[in-house]
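Work through the following exercises with the sequence and the model open. Each task is followed by a solution in steps.

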Amino acid sequence: MLRINNLEEYHRAYERSVQDPEGFWADIASSFRWQRPWDQVVDWNFTEPNIKWFDGAQLNITENCLDRHLANHGEKTAIIWEPNNPDEEVRRLTYRQLHEQVCQFSNVLKKNGARKGDRICIYLPMVPEAVIAMLACARIGAIHSVVFAGFSAQSLSDRIQDSECCMVITSDGAFRGNKELPIKEIVDQALEVCPSVKTVILLERTGSNVRLVAGRDKLWKDEMEKVDANCPAEIMNSEDMLFILYTSGSTGKPKGVVHTCGGYMVYTAYSFQNVFQPKSDDIYWCTADVGWITGHSYIVYGPLLSGATNVLFEGIPTWPDAGRFWQTIDKHRVSIFYTAPTAIRSLEAAGLDFVTPYLLDSLRILGTVGEPINEEAWHWYHQHIGKGKCPIVDTWWQTETGGILISPLAGITPLKPSYATLPLPGVQPLLVDADGKEITGNGVEGNLCIRYPWPSIIRTTYGDHERCRINYFATYAGRYFTGDGCKRDEQGYYRITGRVDDVMNVSGHRIGTAEVEDAINQHPDIVESAVVGYPHTIKGQGIYAYVICTNELADNDLLREEIKAVVSRVIGPIAKPDKIQIVRGLPKTRSGKIMRRILRKVAEGDVDNLGDTSTLLDPTVVEEIKKGA
Ligand code: PRX
């Protein structure tokens with residue numbers, strides 16, 4: 001019932017999802033374990049917005065991820081953990097063991113005062129305990145806020161403060177390639193300004209020496225010894241918050257995207273099963289980090305809801321060498337592999353010598369996510385990794401969508417390189433022009449909107465509902481606006497062309513230009529800055545910063561290094577500018593608005609097509625910028 005098996009079934013399911021969305025989703029939802037059925041399948045408006053799925057129903061998502069599987073596949077492997085160092089021992093957890101660990105850790109949370117509705121921050125490397133911690137929060141009804149363990153102390157404290165977390169779950173350190181990151185030190189620094197945090201639970205991963213704050217910091221292993229593994233799941237309403245995940249927008253600080261229990265559960269499982277078409281003996285590996293939405297939906301919830309066997313990888317694709325992914329695929333006989341175009345491009349650049357030693361014969365299905373995949377990289381992936389026989393699912397979605405919205409269904413939808421192809425059943429995309437007028441027909445291009453809610457759509461931005469309304473529902477009245485540009489070809493296939501707002505996509509990471517500018521402006525010698533994305537052969541987009549200094553400096557290279565260091569400290573290394581141009585002025589209109597279009601063109605190297613510059617306050621600025629580029 002959940003599963004579409006061929007193209008005809010897809011078209012039928014799609015048709016029904018549009019004609020009778022309530023009946024369609026009610027049928028899908030009925031295959032889960034609910035404590036109480038819903039009163040209404042969906043109740044929504046995109047004006048406030050106010051969106052409710054399966055309202056009135058009661059459930060706990062962890063009963064569906066874990067308890068539900070125990071009777072028939074308790075001994076099936078849920079997690080295969082591949083450590084950073086390939087020589088370190090692999091850990092395997094069956095569904096029964098995972099269930100036990102989650103229940104036990106749930107009791108640790110409760111014993112330390114956590115209650116339903118509390119926010120708990122998780123700042124951990126990719127270890128099974130990250131999954132256990134997330135599920136334990138969900139089991140007791142606490143709201144997890146996972147922060148990627150590459151973010152700085154300041155980014156971490158911003159996120160903890162915004163949602164007033166009462167607890168942080170973290171580790172002593174983290175291994176990443178040949179580096180060891182001082183995770184606990186970063187947490188300690190962040191917590192200097194986070195009075196809401198009363199407890200820190202510390203997992204020992206690297207064994208490095210760390211300072212424990214008396215009364216606040218407790219060791220994971222000690223706490224686990226004090227409790228048993230019996231923890232009935234808290235009964236949650238379908239629309240209770242499940243988690244908050246911070247993501248960058250075009251203005252201001254990252255915002256906390258809120259997902260709720262029932263709809264998110266139904267959609268992540270439905271999309272996982274239909275996009276990846278898993279079989280019971282598949283070994284599935286998604287290389288994302290649990291700190292991003294891909295990790296939430298397609299490492300933790302979607303696969304576990306589906307009873308899949310999941311590889312969890314702690315390391316990086318290029319260590320000990322650029323063959324690590326391919327070696328790991330052979331080692332665990334991975335059959336479904338899901339990664340980012342950036343990783344593919346960088347491994348392609350490393351050369352085939354890192355690929356040919358491996359058989360890769362276990363692979364059945366490949367996937368990509370997070371950014372547009374260029375045709376060249378698509379063909380390389382298809383030919384050299386998939387050996388020409390594995391379908392590639394190019395999955396388009398966002399933190400706010402909770403799950404994959406536009407993608408081929410593996411082995412079912414005919415593929416077209418660089419196209420995310422067709423919407424999943426239940427997803428109604430439309431293209432609009434700048435005035436919000438719908439662009440109908442095929443062979444067209446516009447801004448991508450969605451006209452009807454799907455179960456895992458964003459509900460609010462934490463603590464600031466108005467921001468949610470303005471960001472996603474106010475640009476085009478009555479539509480959810482994605483922020484992406486999109487083509488629809490003659491066949492009706494969708495191709496996402498990239499962001500049309502001030503959000504960059506650097507190595508598949510979403511970064512706001514305003515955030516980077518704010519960080520750069522913290523450097524004492526900088527008066528003003530403007531940041532834009534530009535095409536980058538490996539990263540997809542690179543970060544180009546134009547900066548104005550207080551006065552002429554003796555050493556511009558030193559300044560550039562310092563700026564990079566400031567951005568790393570304020571946001572994290574992923575947001576470091578690739579290019580920094582020192583300028584004397586920025587192209588501004590008479591009303592003081594920076595004309596980013598011009599800066600983007602210069603950053604792209606397209607200096608002869610700057611368009612109309614007559615509205616600029618001082619057009620000579622542009623000539624100078626062109627010369628200095
Ligand atoms: O621009 C789109 C791009 O990534 C953005 C969403 O970023 P984030 O919320 O971090 O989630 C990434 C993982 C789902 C989108 O607005 N994007 C994501 N997937 C694709 C993509 N662009 C093109 N093709 C994709 N398959």
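**Exercise 1. Backbone geometry**

In which loop does Leu360 lie? Then examine its phi, and look for cis peptide bonds elsewhere in this predicted model.

Solution.
- Step 1. Leu360 belongs to the loop that runs between α12 (341-350) and β19 (365-369).
- Step 2. The phi of Leu360 is near 55°, which is positive although the residue is not glycine.
- Step 3. Most residues other than glycine have a negative phi, and most peptide bonds are trans.
- Step 4. Glu48 and Pro49 are joined by a cis peptide bond with omega near -10°. Pro49 sits in the loop between β1 (40-45) and β2 (50-55).
- Step 5. A cis bond also links Trp319 to Pro320, here with omega near -5°. The loop holding Pro320 lies between β17 (309-313) and α11 (324-332).

**Exercise 2. The ligand shell**

Which residues come nearest to the ligand, and which polar contacts can be listed for Gly370, Thr395 and Arg499?

Solution.
- Step 1. The ligand has 17 residues around it, and the nearest are Asp394, Thr395, Thr399, Asp484 and Arg510.
- Step 2. Sort the shell by residue type: six are nonpolar, six polar and five charged.
- Step 3. Assign the shell to secondary structure: α10 (293-305), β20 (392-395) and β26 (494-499) each contribute at least two residues.
- Step 4. Take the backbone contacts. A backbone N or O atom of Thr395 is 2.8 Å from a ligand nitrogen atom, and a backbone N or O atom of Gly370 is 3.1 Å from a nitrogen atom of the ligand.
- Step 5. Take the side-chain contact. In Arg499, a side-chain N or O atom lies 2.8 Å from an oxygen atom of the ligand.
- Step 6. Consider coverage: on its own the ligand has 540 Å² of accessible area, and the protein covers 95% of this.

**Exercise 3. The two domains**

How many residues does each domain bring to the contact between domain 1 and domain 2, and what is the area buried there?

Solution.
- Step 1. Set the bounds: the domain assignment gives domain 1 as 95-234 and domain 2 as 507-628.
- Step 2. Their centres, taken over C-alpha atoms, are 37 Å apart.
- Step 3. Five residues of domain 1 and eight residues of domain 2 take part in the contact.
- Step 4. About 480 Å² is buried between the two domains, and carbon and sulfur atoms give 49% of that area.
- Step 5. On the domain 1 side, Phe151, Ser152 and Gln154 supply 63% of the area buried against domain 2, more than any other three residues.

Definitions and conventions
Residues numbered from 1 in each chain as written. Predicted model: local features only at pLDDT ≥ 70, side-chain atom pairs only at ≥ 80, totals over all residues. Heavy atoms only, no water. Near = heavy atom within 4 Å. Polar contact = N/O pair within 3.5 Å; in protein donor to acceptor, adjacent residues only side chain to side chain. Areas by Shrake-Rupley, 256 points an atom, 1.4 Å probe, with all protein chains shown as cover. Helix = DSSP H or I, 4+ residues; strand = E, 2+ residues; numbered from the N terminus. Nonpolar A, V, L, I, M, F, W, Y, C, P; charged D, E, K, R; others polar. Domains from an automatic or database assignment. Contact = heavy atoms within 4.5 Å. Buried area = accessible area lost by both parts, 1.4 Å probe.
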